[in-house]
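Subject: Structure handover

Hello,

Here is the structure I promised to pass on. Please open it alongside this note. My findings follow below.

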Amino acid sequence: MLGINIDDMNVGKEGDIMENHLIIRSDKIITCTEGEDRARQLDGYVLISEDRILEVCEGEVPEQLMAGAGAFIDAVGKTVTPGLVDAHTHLIHFGSRENELAMKLKGTPYLDILKAGGGILSTVQHTREASLEVLKKKARRSLDQMFLHGTTTVEAKSGYGLDFDTEIRCLKAAAELNDEHPVDIVRTYMGAHAVPPEYRENPSGYMDFMVQKVMPFVADNHLAEFIDIFCEEGVFSVEESRKLMTEGRKLGFGLKIHADEIVPLRGAELAAEMGAVSAEHLIAASEEGIEAMGRFGVTAVLLPGTSFYLMINRYAQAKRMMEQGVRVALATDYNPGSCPTENLQAVMIHACMGMKLLPEEILRCMTINGAYAVNREADIGSIEAGKKADLVIFDAPNFDFVVYHFGINHVDKVIKSGKLAVDNGCLL
């Protein structure tokens, strides 16, 4: 809204505005409100009450309002945006794989890396050996980095346990961190990340194990909101993915799918067919798949940092998807193998240079569109009345500058649920 009725707030009647009100003043507030063709920029202020945005207004702060405010942040000359939403990460895991970097640069095939004890099974082994507290400690450090760089909501997939105990432990770690850390964590069960060694000769048995044992337990104990599956040649087929998604839907899970990352396997079409909330990666998505996602409202979660890190010289067709009416989100894909970064600002430059997206398009993809990818669009992703007060103040004169001047952290302040949580680039 562009105005505020001071009388409605009882200013001068029953006392000044409550002390828990926060006012943020800036000449560059980018709202990212749904339905705007271009990012709306205001010269005005945001009024916050407790953990919610009360009003977004143009112009100077009225004297009555200023006099009664509990706190005031002067962000004139800086850029205010919604909190960033990282809609695809593998937050909970243990171990790292920096030893594989030289092998990759030498052109060592992935299967040879796997035979040498590397690859995803290396992370699986380390994760299985890690306790709940060890997993939380590592993930907490990552959450701190995300928060310092402007991420206020993150989706966290399991998938580095691939057995019952470890997958449940990873989901419990994410659930406990959601209660302990300021960043909101949306949990996804992704046991279908790969076939574990013990089921290598019986992949259908692993599918039955997930469907009959793990998924019902996860649902009954509210450990995840979504399920995900890696639908890719050599991993899980379209038929296997359809089966898992069908059973997941019966259990009440929202549906996600790693689709068409390398081979055009028609994973995007399956996402549309199944009514998935999101399809992710999509580097090799077909034209038919893109059209189907647009028609059925599937959010495309694209991961340009992964294309960069894997040196594959191909990016998902973000522009084409937008032309076909697909809602596009951008995320880090934070994981130890194919994109070891927690920093959404780092992903911005790859989205710009690799996908040719404009800064204003990138911002929408990391705010309101990211919120759609995790079913949080009614609560976060834009600066408007009634939504959660998650905002980022960038020490930049405009958002173009944030993308243009790459490789540094532009975050000055982060307001999380109405409270100042990062100030001058430091956690409070």
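How many residues does helix α7 have, and how far does it reach from its first C-alpha to its last? Helix α7 spans residues 203-220, which makes 18 residues. Its reach is 25 Å, close to the 26 Å expected at 1.5 Å a residue. Keep in mind that this is a predicted model.

**Helix α7**

There is a bend to look at here. α7 has a kink of about 35°, and Met210 is at its centre. Met210 is also one of the buried residues of α7. The others are Gly205, Tyr206, Met207, Phe209, Val211, Val214, Met215, Val218 and Ala219. The cover over these buried residues includes two helices, α6 (164-180) and α8 (238-250). It also includes the strands β8 (184-192) and β9 (226-231). After α7 comes His222, with a positive phi near 55°.

**Helix α9**

α9 runs over residues 267-274 and is mostly covered. Seven of its eight residues are buried. They are Gly267, Ala268, Glu269, Leu270, Ala271, Ala272 and Met274. Among the elements covering them are β9, α8, β10 (254-259), β11 (278-281) and α10 (287-296). Both β9 and α8 also help to cover the buried residues of α7. Gly275 follows α9, and its phi is positive, near 70°.

**Two strand residues**

Thr152 sits in strand β7, residues 151-157. Is Thr152 buried or exposed? Its relative accessibility is 1%, so Thr152 counts as buried, the cut-off being under 20%. Leaving aside residues up to four places away in sequence, Thr152 touches Gly83, Leu84, Phe147, Val183, Asp184, Asp390, Val414 and Lys416.

Leu47 belongs to strand β2, residues 41-49. Leu47 is buried too, with a relative accessible area of 0%. Val61 is 14 residues from Leu47 along the chain. Their C-alpha atoms are separated by 9.5 Å.

**On the surface**

Leu105 gives the opposite picture. Its relative accessible area is 57%, so Leu105 is exposed, the cut-off being over 50%. Leu105 is found in helix α2, residues 101-105. Together with Leu101 and Met311, Leu105 makes a nonpolar surface patch of about 290 Å².

If you have time for one stop, try the kink in α7, centred on Met210.

Best wishes

Methods:
Residues numbered from 1 in each chain as written. Predicted model: local features only at pLDDT ≥ 70, side-chain atom pairs only at ≥ 80, totals over all residues. Heavy atoms only, no water. Patch = residues over 30% accessible without salt bridge, like charges linked within 9 Å, V, L, I, M, F, W, Y side chains within 5 Å. Areas by Shrake-Rupley, 256 points an atom, 1.4 Å probe, with all protein chains shown as cover. Salt bridge = Lys/Arg side-chain N within 4 Å of Asp/Glu carboxyl O. Helix = DSSP H or I, 4+ residues; strand = E, 2+ residues; numbered from the N terminus. Buried < 20%, exposed > 50% of the residue type's maximum accessible area, 1.4 Å probe, protein only. Contact = heavy atoms within 4.5 Å. Expected span 1.5 Å × (residues − 1). Bend = angle between axes of the 7 residues up to and from the residue.
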